Amino acid sequence: MPPVFLNQLGLVCALGSGKQEVARALFADTVSGVASHEGFADRPLHLGAVTAKLAAQDALPPSHHSRNNALLLTALEQVRPAVDAALARFGPARVAVVLGTSTSGIGESEGAIAGHLATGELPSRFHLNQQELGSPAQALAHVVGAGGPAYVISTACSSSAKALASAARMLRAGTVDAVLTGGVDSLCRFTVAGFRALDSVSEERCNPMSAHRHGINIGEAAALFLMTREPGPVRLSGWGESSDAHHISAPEPGGKGAMAAIQEALKRAGVSPEQVDYVNLHGTATVQNDAMESRAVHALLGPDVKASSTKPLTGHTLGAAGALEAAFAYLTLVDNPEGHLPGHFWDGAVDASLPALSLVKPGEALGRPVKTVLSNSFAFGGSNAALVLERA
């Protein structure tokens with residue numbers, strides 16, 4: 001089957017906007033990104049909020065105006081010339097859009113409901129299309145003029161990793177010649193309240209793999225790739241998906257579903273466990289996820305592979321997490337001759353009940369270019385996805 005490549009990357013998250021700004025913060029030896037914010041709960045919470053200026057939405061009909069789509073258009077601005085060139089080269093019908101999200105325009109619906117409660121009428125700027133899960137794909141296709149398939153995958157925290165896998169399948173099947181793919185999610189009170197109801201939200205910066213871990217920080221982000229069969233800086237060489245269907249929110253404790261996804265990704269890539277240089281953990285800092293994932297990674301890749309969770313830097317960006325962390329893999333693989341790795345920021349309190357992993361010290365580097373990265377994404381309902389990315 002023909003290989004597929006990530007030719008371009010645009011991203012915005014709590015660490016900043018654009019590859020250079022995000023990379024500087026990602027590989028720094030000091031922690032940034034997640035901070036205390038008001039307005040999303042009855043008290044300030046540590047969240048991965050985007051503070052960068054967002055793109056205007058003038059090119060969108062009002063029915064698709066949302067913070068979610070503003071984040072997406074901010075990422076698009078960074079790759080727009082390459083997208084326009086692909087449209088000219090292949091034709092609009094041969095360019096697809098495949099994204100992952102879980103919030104879409106829920107934040108706009110929250111504001112509309114508050115307005116209705118206050119005045120008895122919905123605000124004139126509100127439209128039901130804003131909260132439809134398909135809105136990001138429709139909006140992106142509208143703005144760039146893509147005429148191929150355009151759709152959204154929404155499987156909670158595995159959404160955008162699965163979107164990248166779906167885009168790769170379309171390219172390898174010859175259905176299209178280019179795909180705009182990735183993920184986007186935006187902060188809103190609804191999401192925060194939902195995770196707080198599960199007692200899963202940390203009041204301070206999250207603490208993945210620690211004996212003191214007790215929950216996530218929620219974040220927002222957009223990460224967008226131009227994927228084609230044409231050679232590019234990063235190859236998406238493998239992906240694996242599984243569904244363990246163990247519980248509506250808790251993962252299968254032994255990591256069976258996670259291991260199945262990782263094994264499939266490695267097999268499809270033709271990569272042995274020993275060839276993996278770095279693992280970007282799902283690493284949510286919840287008790288059950290970290291236990292399950294550490295068992296799966298230890299069992300398949302051993303105790304010595306370098307690994308870290310980037311959730312303390314960005315928060316858990318939910319439907320955008322798979323694409324955002326694939327973007328971090330991209331930054332680790334490209335223009336990084338010393339092999340700097342994303343640091344694992346935690347309190348260092350080892351959980352003796354978990355198998356040991358070689359967690360990356362902030363500022364740590366391999367001393368050589370990184371060749372192969374594994375990125376894990378695990379979701380409610382046992383929806384698991386793993387991606388293998390290689391320097392081309």
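Me: Helices are DSSP runs of H or I with at least four residues, and strands are DSSP runs of E with at least two. How many of each are there in the protein chain?

Reply: The model is a predicted one. Its protein chain holds eleven helices and 14 strands.

Me: What makes the radius of gyration of the protein chain agree with that of a compact globule?

Reply: The rule for a globule is 2.2 Å times the number of residues to the power 0.38. For 392 residues this gives a value near 21 Å, and the protein chain has 20 Å, so the two agree. Along the principal axes, the C-alpha atoms fill a box of roughly 55 × 50 × 40 Å.

Me: What share of the residues in the protein chain is buried, and what share of the accessible surface belongs to carbon and sulfur atoms?

Reply: A residue is buried when its relative accessible area is under 20%. Of the 392 residues in the protein chain, 59% are buried. The accessible surface comes to about 14400 Å², and carbon and sulfur atoms account for 54% of that area.

Me: Among contacts between residues at least 6 apart in sequence, what percentage join residues at least 24 apart?

Reply: The figure is 80% for the protein chain.

Me: Why is His282 called buried?

Reply: The relative accessible area of His282 is 1%. The limit for a buried residue is under 20%, so His282 qualifies. His282 belongs to the loop between strand 10 (278-280) and helix 9. Beyond residues up to four places away in sequence, His282 touches nine others by name: Cys157, Asn289, Glu293, Ser309, Lys311, His316, Asn376, Ser377 and Phe378.

Me: Why is Thr103 also given the name buried?

Reply: Thr103 has a relative accessible area of 2%, and a value under 20% means buried, so the term applies. Thr103 is placed in the loop between strand 5 (95-100) and helix 4 (106-119). Its contacts outside the four nearest places in sequence are Asn68, Asp185, Ser186, Cys188 and Thr191. Thr103 and Phe190 are 87 residues apart along the chain, and their C-alpha atoms are separated by 9.0 Å.

Me: Why is Arg391 called partly exposed?

Reply: The class of partly exposed lies between the limits of 20% and 50%. Arg391 has a relative accessible area of 33%, so it falls in that class. Arg391 is part of strand 14 (residues 383-391). Neighbours within four places aside, Arg391 is in contact with Pro233, Leu333, Pro369, Val370 and Lys371. Of these, Lys371 is 20 residues away in sequence, with a C-alpha to C-alpha separation of 5.1 Å.

Me: What is the phi of Ala156, and why is this residue called partly exposed?

Reply: Most residues other than glycine have a negative phi. Ala156 has a phi near 60°, a positive value. Its relative accessibility is 26%, between the limits of 20% and 50%, so Ala156 counts as partly exposed. The residue is found in the loop between strand 6 (150-153) and helix 6 (159-173).

Me: Why is Asp335 called exposed, and where does Asp335 lie?

Reply: Exposed requires a relative accessible area over 50%, and Asp335 has 77%, so the word fits. Asp335 lies in the loop between helix 11 (321-333) and strand 12 (358-359). Asp335 is not a glycine, yet its phi is positive, at about 50°.

Me: Which residues lie nearest the centre of the largest pocket, and which helix gives the most to its lining?

Reply: The largest pocket has a volume of about 440 Å³. It is lined by 24 residues, and those nearest its centre are Ser200, Ser249, Pro251, Thr286 and Phe380. Two elements, helix 9 (287-301) and strand 13 (372-379), give two or more residues to this lining. Helix 9 gives the most, with four residues. By class, the lining has eleven nonpolar, twelve polar and one charged residues.

Me: How many charged residues are in the lining of the second largest pocket?

Reply: There are none: the lining divides into seven nonpolar and six polar residues, with no charged ones. The volume of the second largest pocket is about 280 Å³. Its lining has 13 residues, and Ser102, Ala156, Thr191, Phe195 and Leu318 lie nearest its centre. Helix 7 (residues 189-197) supplies the largest share of this lining, four residues.

How values were computed:
Residues are numbered from 1 along each chain as its sequence is written. This is a predicted model: local features need pLDDT of at least 70, side-chain atom pairs count only at pLDDT 80 or more; totals for chains, interfaces and linings use all residues. Side-chain values use heavy atoms; hydrogens and water are left out. On a 1 Å grid over the protein atoms alone, a cavity is a set of points where a 1.4 Å probe fits but cannot get out, and a pocket is an open set with protein on both sides within 12 Å along at least five of seven lines; lining residues have an atom within 4 Å of a point. Grid points are joined across faces, edges and corners, and a volume is the space filled by probe spheres set on the points. Ala, Val, Leu, Ile, Met, Phe, Trp, Tyr, Cys and Pro count as nonpolar, Asp, Glu, Lys and Arg as charged, and the others, Gly among them, as polar. Buried means under 20% relative accessible area, exposed over 50%, partly exposed in between (1.4 Å probe, protein chains only). Contact means heavy atoms within 4.5 Å. Accessible areas come from the Shrake-Rupley method with a 1.4 Å probe; for residues, only the protein chains shown count as cover.
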